[in-house]
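Visitor: I would like to go through this model with you. Could you begin with the terms and then turn to the details?

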Amino acid sequence: MSTDTRTTPTPTRSGLDGFFKITERGSTVAREVRGGIVTFFTMVYIVVLNPIILSGVVDGSGTMIGGTTDLVRSKLLVAVGTAVVAGVMSILMGLVANFPIALAAGLGINGLITGMVLTHSAEKITFADLMGLVVIEGVIILVLVLTGFRKAVFRAIPGPLKVAISVGIGLFIAYIGVIDAGFARRPTSPGSVPSELGIGGSLDGWPTLVFVVGVFLIAVLLIRKVKGAILIGIVAATVLAMALEAIFKIGPRVFDDKGALTNPSAWALTVPKLPDSITNTPDLGILGQFSLLGSFQKIGIVTAVMFVFSLLLADFFDTMGTVVAIGTEAKLLDEDGNPPHTDRILVVDSVAAIAGGAGGVSSNTSYIESASGVEEGARTGLASVVTGVLFLLATFLAPLFAVVPSEAAAPALVIVGFLMMTQVKNIEWDDMEIALPAFLTIVLMPFTYNITVGIGAGFIAWVLVKMARGKTRELHPLMWVVAAFFVIYFVKAPLESMLS
């Protein structure tokens, strides 16, 4: 009697499924598309916010960003450039790294660029000069990736710190959502607490109602395991916002000549109303507006180098934290806490920094808002491709996408932040060696509104605690190097003054 031991071969998958490994990662095309759409809607605010941050400031050439004196045109140029670079880089992330993370102009970095223009206007510094420094920083990051240094640092981070980074980012994006919606904000009266509930300690205004309804709607849908809960919540909140605007004519928040907010209960960024036209012709004039070495001649080598160093640390570790958090949420990390194709992810992110500077719209980086798409089911790069395509469409359909107010998108950030924070149970809080660095990592991200600060504090605390316990042999050599860089990062202002 013979036994046939042949087995039926596993059918080879082709098309989208085979390229993106959709079935292999336990997903479906529908989930990836839905996740990509959700990610887009939670981060499309950058198309509106980036022009607000970068436009309106006159640089050393006497013009605003984009080389124009027309504020409306300047904002339009930045908006289109922001969407184009974000679209191309998100698609590249999906195709090259097959990871569900989208990219766009980095918040904080754009503000730093505007601050440098204001601070050094007397030296005739221009936006193009500073974008050149962004390009240089991106090239340095890319070299660090290609030489294996960035990946080595990524793998040298202790497991507990990786968990703490993910938890801290969860708390941070929840805080971003609460602030973006105006549920909590800076008090209007001087000398009071740093932030308070709503306006004067009380919830006020229809936009706040939209946010609250959105949070509870998404929460209920998730509890009832409704597919597309986050996307349904964003759409429903947007429809509610449009109805309220049509009835009550709420309008946008407006500042008077003295910088005081005259109507705090209005919409923060976008007034949710049907546009006169849903299409526009994109103007790509801002692309390529950068000067590689102009800053060194105008503000000096020391100041230029410290600016690049600040960008370098922010890009280097913001991305690490974001990738770990997204990978954890998507359950894509290996037993050592590393995502698949780490080197490819870091290469694309580095190229994005170069592209953002060369595109004249600030360094592009991986966005933690991608966690909302992951929670919706995204597990592959197809979701990033979908997000990128929508960004490119936004250059033609900007009026239509601009309908979604931040108050309708912010609930997704709050819910996703909550879900990411549930990992806090995996930290050994009874072990002070682990608990103290983890605590500093988690709380300093929202406290300082900066992911890099939280990661830096965690690194330094981890090294100091090991030194105090006489366990320096347990430290990876790169932990010493990175901790030293973070010490420089934290004291860069007095160090720059001393060197100058």
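Guide: Helices (H or I, at least four residues) and strands (E, at least two) are DSSP runs, numbered from the N terminus. The expected span of a helix is 1.5 Å times one less than its number of residues. This is a predicted model, in which local features need pLDDT of at least 70, side-chain atom pairs count only at pLDDT 80 or more, and totals for chains, interfaces and linings use all residues. Residues are numbered from 1 along each chain as its sequence is written, and side-chain values use heavy atoms, with hydrogens and water left out.

Visitor: What span should the 18 residues of helix α19 have?

Guide: Helix α19 (residues 451-468) should span 26 Å at 1.5 Å a residue, and its end C-alpha atoms are 26 Å apart, so the two values agree.

Visitor: How many residues of α19 are buried?

Guide: Buried means under 20% relative accessible area, exposed over 50%, and partly exposed in between (1.4 Å probe, protein chains only). In α19, 15 of the 18 residues are buried, so the helix is largely enclosed by the rest of the structure. Just after α19, G470 has a positive phi of about 70°.

Visitor: Which residues other than glycine have a positive phi?

Guide: Among them are K124, at about 65°, and K225, near 60°. K124 belongs to the loop between α5 (109-119) and α6 (127-146), while K225 is in the loop between α9 (206-223) and α10 (229-248).

Visitor: Is K124 buried or exposed? And K225, buried or exposed?

Guide: K124 counts as exposed because its relative accessibility is 51%. K225 is exposed too, with a relative accessible area of 73%.

Visitor: A different loop now: where is T395, and why does T395 count as buried?

Guide: T395 is in the loop between α15 (381-394) and α16 (398-401). It counts as buried because its relative accessibility is 5%. Its side chain reaches the backbone oxygen of L392 at 2.5 Å. Leaving aside residues up to four places away in sequence, T395 touches V80, A83, V84, N280 and P282; contact means heavy atoms within 4.5 Å.

Visitor: And the largest nonpolar core: which residues touch the most other members?

Guide: A nonpolar core is a set of buried Ala, Val, Leu, Ile, Met, Phe, Trp, Tyr and Cys residues joined through side-chain atoms within 4.5 Å. Of the 134 residues in the largest one, I113, I169, F317, F459 and F486 touch the most other members. Helix α12 (residues 301-330) gives the most to this core, with 15 residues.

Visitor: What does I169 touch?

Guide: Not counting residues up to four places away in sequence, I169 touches G321, T322, A325, I368, M420, M445 and I451.

Conventions: Polar contact = N/O pair within 3.5 Å; in protein donor to acceptor, adjacent residues only side chain to side chain.
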